[in-house]
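Hi,

Here is the structure for you to load. My notes are below it.

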Amino acid sequence: MTRIAGPARHLLTASALLLAALILHAQSPQGEIRVQIKDPSGAPMQASGKLARVEGKVARDFQTDAQGMTVLGNLPYGRYRLEISKDGFVTQSVQIDVKSGTPIARTITMVLSGQAAKVDVISETPLAGTDLQINQIAAPVQTATATDIENSGALDLPDFMNRALNGVFINELAGNPFQPDVNYRGYTASPLLGTPAGLSVYLDAVRQNQPFGDVVSWDLIPKDAISEVELIPGSDPLFGLNTLGGALSIQTKSGLTNPGWGGHALYGSSGRKEAEGEWGGNKPNGFNWFLMGLGFHESGWRFASPSDVRQGFARLGWHNDRTDLALTMNYAYNTLLGNGVQDYRLLEANYTSSYSVPDSIANRSPAFNFIARHRFSDSLTFTGNAFYRNIRTESINPNFNDDVSGTDIYQPTPAELSVLAAAGYTGFPTSGANISNTPFPKWACIAEALTPGGSPDSTCDGVNIYSKQVQNEYGFSGQFTWITDPQIGGKGPGHNQFAAGASVDRNNITYGQTADFAYVLPNWSLISVPAWQDGSTVDSSGNLINTEVGFKGHAPNWSLFFADTLTFWKKVNLTVSGRYNHDTVNNYDLLNPIAGPGSLTGDYTFQRFNPAVGLTWSPISSVNAYARFAQGSRAPTSIELGCADASAPCSLPNALSSDPPLQQVVTDTWEAGLRGKPEFTGFHNLSWNVGAFRDENHNDILFIAAPEIGTGYFQNFAKTLREGFDADLDGRVGPVTWGFDWTFLSATYQSLETLDGSANNSNSVALQGYPGLDGNITVHPGNRIPLIPKQTGKAFAVWQATRKLMFEMNEVIASSSYARGNENNAYKADGVYYLGPGVSPGYAITNFRAHYDLTRHLQLAVQIDNLFNHEYYTAAWLSGTTLTAQGAFQTLPFPAYANGPYAGNAPSESATFFAPGAPRRAWVELRLRF
């Protein structure tokens, strides 16, 4: 027998092994995708494309032929993302599961770059890596892209949501365009302390609800750095605390998704000036980057309401076939003035007027987030992040002083006249001053401020509240995602995606507050005097006044979560998920550190496991049914625990005090609906949804208005209910893209409650025959919750007149809602003590936008908001008023009662205050893109 030499033997062995590997590879299961691309008219078109494994490995780039066709064969089984791109059109992205050798056919219709594209892939947790198709999610998730936001002309993310997302509406209680309350299905995410939170907000998996009050500072979220937005309805436990009515998940741009550079400049009404620039790119070695900067200034359309916003964002990343790393850096330096609600009588006289000024908030915030994703195999992926952010907020809150009601502050007393003369003042009235000849008194205020141990509280008609809070927050989260294809019932393979993870958040909070006395000028601005509410002054009874707050807090929390989505029979998707939350609130009173009455010091722990289960079914390819049950919860925040006493209402920003403990809120969501994407001749990109929802809240925390405007307290309600229907229909006919959205929402109390109703004519004391005095109201099951309209709607039409010219009209509609303070829905104005309607009327606002492509890289846009210049209101509040219809300051509108149990008490006047919406305004924008 011939022996083979060593080297030859090794070569033969290697060849055999290579041949065996090739045979095994040839025998591995493979599939095929057949793609056809069409233009908006339905004709075939050539385009470029990229096919990538969801796990991260790029399979190939390709080009379609003249018939818009390409065949992608020899594909190992798995999940793929297909991206189609062409100049002048929006990049389209779809997710495709290759599970068999049967070819999969996909027809993709391109959308012109000025029109919106749909996002078909959703992450079911705040972290990436758990992508599901929309028809696998048992809820009507709404999505938007950077193109949608850019084309809308929206000022910021809340403005876009108000224009474009079904069920979203805003209350502009702050009076600044960057500080709206964003409401969805009757739940709120607000930048203002005093608004209970019911929506959670995430930016690249970092929770934006701040530890102190769960507020969301919308001005800290850079709109021009947003890549995609997902609005997930209901109490989805996977999004953690505050997710009672929904969650907003935001992903930012990167050099991979947004290469090139560009920017825009804008100028127009209200002195609005904005400049923005961005640059993104990537290298063959995997390094990528995206940088964005924005500067904004506006004088504001109301008196003394300018805004200055400066935002910077950077994302540096690196990736290969298995690993994706990124570091994001976000910085904001903003000063916002917004002067809140105004007496309806003064708005009728001057729609741009403000009640008390200047009301300002300054936010300074650096933030860092490290994001990592690694694919161990085709079936196992890890995603995680670690973050740090610092938020420094300083505010000035001017208020009229309710303590001067019922007193004569117009004419200084002889002792006060002596103090003024000794201090060298001249021009003060020596006698006869009254509201007619001195509508804005100041001399008695100045005199008492100069008097050692004086009582400016009984003579100064204004109080300026100064507050400062510093929050440091850091934490990390991580999850593993495992994908398998199990055999199900002997009917072939299914698809299972299981994710499990944990998150840890730590934080520390410092909060300080002080206040000084002031007098009111004819323009209703406040001028401080050298007297403070720090224990150095007294009230009219000689009691020391001290409203100072010194507070430290820690609210660490951690959670464990899981989600399992099983797809079987290619039509049914079952998702089971849950999250365990452990939340601690530690408050420490720096001024009164010993726990007990009068001290803020206290430790609270809240914990709960919240489950969810959802089912989707596609009986035919164009229809998908969904149903689910979900449960979420939120713990009371430091601010709520320190402001829960009806006998000691807090100002906003809040004057904290020791209060009754609050219970955590638990929400049960039931939801079901149908959706689909039918194909009809002449119609393109049709999509529709119709659904019903029911959210039951147990121990709901709501803010209750007190007599003085801008004050109130938090209270648990045993049960509240938000239920309704929503529907939307979108599509395109020829060059016109259109859409309609509608939500019917019934938000009601479901338990008997007693609340302060001092500005309500149906309060207990008014019903005894003594209107104008403080009293309580009773809320009954079925009463509607204030500030929530029953119906909201959106409509839009986009006409692509030519390849370069586009026109858009959109309509934002909301029905009437009850004013805060009218929780019993029983208020009726009497024209004497109680003024105004007690409801915020409904409205319909039309916006217009047109843009023209001057060149391939340069676009000119014109925008007109509130095209028909309607005067409208987004919220209402019942409150005592200290101004007359002519705007003069009054302290004694009516004489004191002479007889009965309330003899000697002088009634006050109350009115409906409105949050006015902006009038017609127009801007011109120049946008550059390379």
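What follows covers one helix, one tryptophan and one sheet.

This is a predicted model: local features need pLDDT of at least 70, side-chain atom pairs count only at pLDDT 80 or more, and totals for chains, interfaces and linings use all residues. Residues are numbered from 1 along each chain as its sequence is written, and side-chain values use heavy atoms, with hydrogens and water left out.

Helices (H or I, at least four residues) and strands (E, at least two) are DSSP runs, numbered from the N terminus. Buried means under 20% relative accessible area, exposed over 50%, partly exposed in between (1.4 Å probe, protein chains only). Contact means heavy atoms within 4.5 Å.

Start with helix 6 (residues 443–450). The rest of the structure largely encloses helix 6, because 7 of its 8 residues are buried. Among them are Trp443, Cys445 and Glu448. The buried residues pack against helix 5 (414–422), strand 29 (495–520) and strand 30 (526–532).

Strand 30 also holds tryptophan 532. Tryptophan 532 counts as partly exposed because its relative accessibility is 34%. Beyond its neighbours within four places in sequence, its contacts include Tyr466, Phe517 and Thr537.

Now the sheet. It is open, has 5 strands in the order 12-18-19-16-17, and its pairing is mixed. Two strands pair if DSSP finds at least two bridges between them. Strand 12 (142–145) and strand 17 (206–207) are the edges, each pairing on one side only. Strand 18 (residues 226–233) and strand 19 (residues 246–252) pair antiparallel over 7 bridges. There, isoleucine 226 faces threonine 252 of strand 19.

Best wishes
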